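Here's a quick back-and-forth on how the labels for this one come about. Have a look first, then read on.

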Amino acid sequence: MATNITITRQANSGAGRSTTQSATPGGPQSGTRGASPAPSRKLPGWLWFIALWCFGVGSAMSLGFAFKILMNATLFAVR
């Protein structure tokens with residue numbers, strides 16, 4: 001028993017992309033190569049969580065440090 005699998009490509013799959021790319025301001029007229037745009041790179045959810053957590057901790061520590069400096073400056077100014 002054999003299974004034949006045929007993969008076909010649509011005839012107009014690339015035609016629409018090339019016409020819209022050449023009509024855009026950054027298209028081949030402006031000196032770019034005219035290749036297809038770079039594929040979008042998506043970060044996984046866990047990596048976004050770690051990045052945002054680190055940003056939040058860093059922001060909180062910076063705010064606390066600035067508050068400490070301002071409190072010390074105002075307390076010494078009162079004396």
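**Labels and their reasons**

In this predicted model, a polar atom of the Thr-74 side chain sits 3.0 Å from the backbone oxygen of Met-71.

Q: What makes the pair formed by the side chain of Thr-74 and the backbone oxygen of Met-71 a polar contact?
A: The cut-off is 3.5 Å, and the two atoms lie 3.0 Å apart, so the pair is within the limit for a polar contact.

Q: Why is Thr-74 called partly exposed?
A: Thr-74, a residue of helix H2, has a relative accessible area of 43%. Buried means under 20% and exposed means over 50%, so 43% falls in between and Thr-74 counts as partly exposed.

Q: Why is Trp-46 called exposed?
A: Because its relative accessible area is 56%, and the label needs over 50%. Trp-46 is also in helix H2, which covers residues 45–78.

Q: Which nonpolar surface patch does Trp-46 belong to?
A: One that also takes in Leu-43, Leu-47, Trp-48, Phe-49, Ile-50, Leu-52, Trp-53, Val-57 and Met-61, with about 1,100 Å² of accessible area together.

Q: How much of the protein is buried, and what does it expose?
A: Buried residues make up 1% of the 79. The protein exposes about 7,800 Å², with 67% of that from carbon and sulfur atoms.

Q: How many helices and strands are there?
A: There are 2 helices and 0 strands.

Definitions and conventions: Residues are numbered from 1 along each chain as its sequence is written. This is a predicted model: local features need pLDDT of at least 70, side-chain atom pairs count only at pLDDT 80 or more; totals for chains, interfaces and linings use all residues. Side-chain values use heavy atoms; hydrogens and water are left out. Patches are made of residues with over 30% relative accessible area and no salt bridge: like charges are joined within 9 Å, nonpolar side chains (Val, Leu, Ile, Met, Phe, Trp, Tyr) within 5 Å. Accessible areas come from the Shrake-Rupley method with a 1.4 Å probe; for residues, only the protein chains shown count as cover. A salt bridge is a side-chain nitrogen of Lys or Arg within 4 Å of a carboxyl oxygen of Asp or Glu. Helices (H or I, at least four residues) and strands (E, at least two) are DSSP runs, numbered from the N terminus. Buried means under 20% relative accessible area, exposed over 50%, partly exposed in between (1.4 Å probe, protein chains only). A polar contact is a pair of N or O atoms within 3.5 Å; within protein, one must be able to donate a hydrogen and the other to accept it, and residues adjacent in sequence count only if both atoms are side-chain atoms.
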